Amino acid sequence: MACASFAKLNSLSSQWIGQQSFSQRRGMFTRRVNTTIRAGSYSDELVQTAKSIASPGRGILAIDESNATCGKRLASIGLDNTEANRQAYRQLLLTTPGLGEYISGAILFEETLYQSTTDGKKFVDCLRDEKIVPGIKVDKGLVPLPGSNNESWCQGLDGLASRSAEYYKQGARFAKWRTVVSIPSGPSALAVKEAAWGLARYAAISQDNGLVPIVEPEILLDGDHPIERTLEVAEKVWAEVFYYLAENNVIFEGILLKPSMVTPGAEHKEKASPETIAKYTLTMLKRRVPPAVPGIMFLSGGQSEVEATLNLNAMNQSPNPWHVSFSYARALQNTVLKTWQGRPENVEAGQKALLVRAKANSLAQLGRYSADGESEEAKKGMFVKGYTY
């Protein structure tokens, strides 16, 4: 008895289409074929949405911080964590004139998806007017993973299908699910498998409900390990992720990735140059990510605003198989928040600060960024050990 191969790609080049088994009896060769094709009603829309977000010179503004995390940001400028203050800050960001020139998608927290401006205009409509695709954070946060080395797993699969359907009705067209992997904690095989499987199930459910899933296994900066160790872990994590994405019949052309850059641990004695980070990061991606994936939207992970932009720029000095861009939160917002200070008279100045950072990263996506003239504030690192959203 002999067995033949499994799993070839469909016309979209990424879906599992079945298995073939072969048997031989008395010189007779017979074949049994069992074909399964995932044919979701949103397939074409998913591909188009992903392409729209992965468009030249544009990236994602991530403002999906939980209310608790947003409260910490507001507290840094002396504001209370109230819905009115959160709304005022997000209104500043989402109503910035001309933002769509540099930003193609915005990840929102659930509260923000259903909010409007003080004038009554829905935030999702503000985004659409700028040709920015609204997105939504759908995970329910990290909790301890039993049986692991003090590691975490991401919860939120229960009820995800119904929630995703409601988010789609509200105007969201892509989703985000963030899980983390810690190098100082191992990572254990259990934690890596749990992260990969959870991301794959979320991605399949999202696509089934019309949302392009951002796949984000964040490899935390915590630790004093060298860049070679980060590369080793990243390759293992992404191999596992793509294995389970295929197992779950996820359409690769209808997803986006949000990886960490491959850097040394934040406490490593030697910092790596943008060129070195670009070399290691692109090596990992080329070894693990199929060219069918339309976009790589990096997280900043506590790098300074300038560091994140310089590293992205270094990765775009030659053509890549995918759109290589950004999905930054703190690396787009830090200067904005400090410029605004919660004062209505500073809204315009805060919006101008946002456009400065958005344009810088737009240029980095095109490989044309220069750090000349950047402020000292933009050069300050934002790494927080054990950071949570």
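**View 1. Strands β9 and β10 lie side by side in this predicted model.** Strand β9 and strand β10, the latter formed by residues 256-257, pair in the parallel sense, and two bridges connect them. Within this pairing, Val-215 has Leu-257 of β10 as its bridge partner. Between the two strands the chain passes through helix α8, which spans residues 227-247, and this β-α-β crossover from β9 to β10 is right-handed. The loop between α8 and β10 contains Asn-249, a residue other than glycine whose phi is nevertheless positive, near 60 degrees.

**View 2. Strand β9 also pairs with strand β8.** Strand β8, made of residues 174-181, runs parallel to β9 and is joined to it by eight bridges. One pair that can be followed in this view is Ala-175 with its bridge partner in β9, Pro-213. Together with helix α7, which covers residues 189-208, the strands β8 and β9 make a right-handed β-α-β unit. In the loop between β8 and α7 the reader will find Pro-187, and the peptide bond that leads from Gly-186 to Pro-187 is cis, with omega near -15 degrees.

**View 3. Strand β9 is covered on both of its faces.** In a regular strand, side chains alternate between the two faces of the sheet. What, then, lies on each side of β9? Val-212, Ile-214, Glu-216 and Glu-218 are on one side, Pro-213, Val-215, Pro-217 and Ile-219 are on the other, and all of these residues are buried. Counted along the strand, which runs over residues 212-219, eight of its eight residues are buried.

**View 4. Strand β3 is largely enclosed by the rest of the structure.** This description holds for β3 because five of its five residues are buried. Strand β3 runs parallel to strand β4 (residues 103-108), to which five bridges join it, and here Gly-59 has Ile-103 of β4 as its bridge partner. Strand β3 also runs parallel to strand β12 (residues 323-328), this time with two bridges, and Ile-60 stands opposite Ser-327 in β12.

**View 5. Glu-65 and Lys-131 are two loop residues, one buried and the other exposed.** Glu-65 is found in the loop that links β3 (59-63) with α2 (67-75), and its side chain makes a polar contact of 2.6 Å with the side chain of Arg-73. Why is Glu-65 called buried? Its relative accessible area is 2%, and the word applies to values under 20%. Lys-131, by contrast, sits in the loop between α5 (123-129) and β5 (133-137), and because its relative accessibility is 64%, Lys-131 counts as exposed. The phi of Lys-131 is near 60 degrees, which is a positive value in a residue other than glycine.

**View 6. The largest cavity is lined by 15 residues.** Rolling a probe the size of a water molecule over the atoms shows where empty space is left. The structure holds four cavities of 30 Å³ or more, and the largest cavity has a volume of about 100 Å³. Which of the lining residues lie nearest the centre of the largest cavity? They are Ile-219, Leu-221, Ser-260, Met-261 and Thr-263. Sorted by class, the lining of this cavity consists of six nonpolar, eight polar and one charged residues.

Key. Residues are numbered from 1 along each chain as its sequence is written. This is a predicted model: local features need pLDDT of at least 70, side-chain atom pairs count only at pLDDT 80 or more; totals for chains, interfaces and linings use all residues. Side-chain values use heavy atoms; hydrogens and water are left out. On a 1 Å grid over the protein atoms alone, a cavity is a set of points where a 1.4 Å probe fits but cannot get out, and a pocket is an open set with protein on both sides within 12 Å along at least five of seven lines; lining residues have an atom within 4 Å of a point. Grid points are joined across faces, edges and corners, and a volume is the space filled by probe spheres set on the points. Ala, Val, Leu, Ile, Met, Phe, Trp, Tyr, Cys and Pro count as nonpolar, Asp, Glu, Lys and Arg as charged, and the others, Gly among them, as polar. Helices (H or I, at least four residues) and strands (E, at least two) are DSSP runs, numbered from the N terminus. Buried means under 20% relative accessible area, exposed over 50%, partly exposed in between (1.4 Å probe, protein chains only). A polar contact is a pair of N or O atoms within 3.5 Å; within protein, one must be able to donate a hydrogen and the other to accept it, and residues adjacent in sequence count only if both atoms are side-chain atoms. Two strands pair if DSSP finds at least two bridges between them. A crossover is right-handed if, with the strands pointing away from the viewer, the path from the first strand over the helix to the second runs clockwise.
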